Structure formats: C-alpha cells, structure tokens
Amino acid sequence: MWFEILPSFGIITVILSVPGFAMYGLNKLTLDNAYRRNTDERWSRIMYTRDMRLTGSPYKSNGLESIPDK
C-alpha cells in the first residue's frame with residue numbers, strides 16, 4: 001500500500017537533516033557563535049574583513065563607535 005513508503009521517507013528525511021543541525025553545534029564549539037557568516041559574494045567578504053579589522057570578531061555588532069578617532 002501507499003503507507004509502506006512512510007518509514008523509509010522518515011529515515012531519509014532525518015538523515016538529510018542531521019548535517020544542518022550538526023553545523024549549529026560545530027559552529028558553537030569552534031567559532032563561539034552558532035551561526036556562520038555567508039561569504040559567497042564579494043560584498044559579504046569585504047564586510048567580513050572590515051568587521052574583523054574594526055572589532056576583532058565578525059559577529060560583534062559594530063557601528064560608528066567602533067571606528068577609532070584620528
């Protein structure tokens with residue numbers, strides 16, 4: 001019957017969702033932040049390096065107060 005496919009569908013769904021949930025824990029352990037910044041595009045890479053230069057961490061919020069006065 002049609003319901004015989006439900007157990008295999010459930011197993012495949014769980015197996016395919018494990019890497020997404022595992023990355024949450026791995027990023028929390030290695031980066032001390034659960035979410036990773038996307039650096040696929042050039043603008044995102046520029047903003048990542050700017051935040052690293054200004055605050056030392058790309059995950060801290062920074063505004064005009066983080067830019068040093070000359």
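I took partly exposed to mean a relative accessible area between the buried limit, under 20%, and the exposed limit, over 50%. The model I examined is a predicted one.

**Entry 1. The start of the chain**

I looked up Phe3 and found a relative accessible area of 45%, so Phe3 is partly exposed. I then turned to Trp2, which has a relative accessible area of 64% and is therefore exposed.

Which kind of aromatic pair do the rings of Trp2 and Phe3 form? I first noted that the count of aromatic pairs comes to 1. The ring centres of Trp2 and Phe3 lie 6.0 Å apart with the planes at 85°, so I recorded the pair as edge-to-face. The reasoning rests on the cut-off for that class, which is over 60 degrees between planes.

I next asked which residues make the nonpolar surface patch. I found Met1, Trp2, Phe3, Ile5 and Leu6 in it, and its area is about 640 Å². Ile5 sits in the segment before α1, a helix that covers 6-31. I recorded Ile5 as exposed because its relative accessible area is 55%.

**Entry 2. Helix α1**

I placed Leu6, a member of the nonpolar patch, in helix α1. Its relative accessible area is 44%, so I entered Leu6 as partly exposed. I also looked up a distance from this residue: the C-alpha atoms of Leu6 and Ser17 are 16 Å apart, with their positions 11 residues apart along the chain.

Is Asn27 buried or exposed? Asn27 is likewise a residue of helix α1. I found it buried, because its relative accessibility is 9% and the limit for that class is under 20%. Setting aside residues up to four places away in sequence, I listed the residues that Asn27 touches as Asp32, Asn33, Ala34 and Arg36.

**Entry 3. Asp51 and Arg50**

I located Asp51 in helix α2, which spans residues 42-55. The relative accessible area of Asp51 is 5%, so I recorded Asp51 as buried.

How many salt bridges does a search of the whole structure find? I noted 1. Side chains of opposite charge can pair when their charged atoms come close. I found Asp51 in a salt bridge with Arg50, and the closest N and O atoms are 2.9 Å apart. The limit for such a bridge is 4 Å. I also found the side chains of these residues, Asp51 and Arg50, listed as a polar contact at 2.9 Å.

I compared the exposure classes of the partners. Arg50 has 30% relative accessibility and therefore counts as partly exposed, whereas Asp51, at 5%, is buried.

I then asked which residues Asp51 is in contact with, leaving aside neighbours within four places in sequence. I recorded Arg37, Gly56, Ser57, Pro58 and Asn62.

**Entry 4. After helix α2**

I looked up Asp69 and placed it in the segment after α2. The relative accessible area of Asp69 is 77%, so I entered this residue as exposed; the limit for that class is over 50%.

How far apart in space are Asp69 and Leu26, C-alpha to C-alpha? I noted 37 Å, for a pair that is 43 residues apart in sequence.

Technical notes:
Residues are numbered from 1 along each chain as its sequence is written. This is a predicted model: local features need pLDDT of at least 70, side-chain atom pairs count only at pLDDT 80 or more; totals for chains, interfaces and linings use all residues. Side-chain values use heavy atoms; hydrogens and water are left out. Helices (H or I, at least four residues) and strands (E, at least two) are DSSP runs, numbered from the N terminus. Buried means under 20% relative accessible area, exposed over 50%, partly exposed in between (1.4 Å probe, protein chains only). A polar contact is a pair of N or O atoms within 3.5 Å; within protein, one must be able to donate a hydrogen and the other to accept it, and residues adjacent in sequence count only if both atoms are side-chain atoms. Contact means heavy atoms within 4.5 Å. Patches are made of residues with over 30% relative accessible area and no salt bridge: like charges are joined within 9 Å, nonpolar side chains (Val, Leu, Ile, Met, Phe, Trp, Tyr) within 5 Å. Accessible areas come from the Shrake-Rupley method with a 1.4 Å probe; for residues, only the protein chains shown count as cover. A salt bridge is a side-chain nitrogen of Lys or Arg within 4 Å of a carboxyl oxygen of Asp or Glu. Rings of Phe, Tyr and Trp (its six-membered ring) pair if their centres lie within 6.5 Å; planes under 30 degrees apart count as stacked, over 60 as edge-to-face and the rest as tilted.
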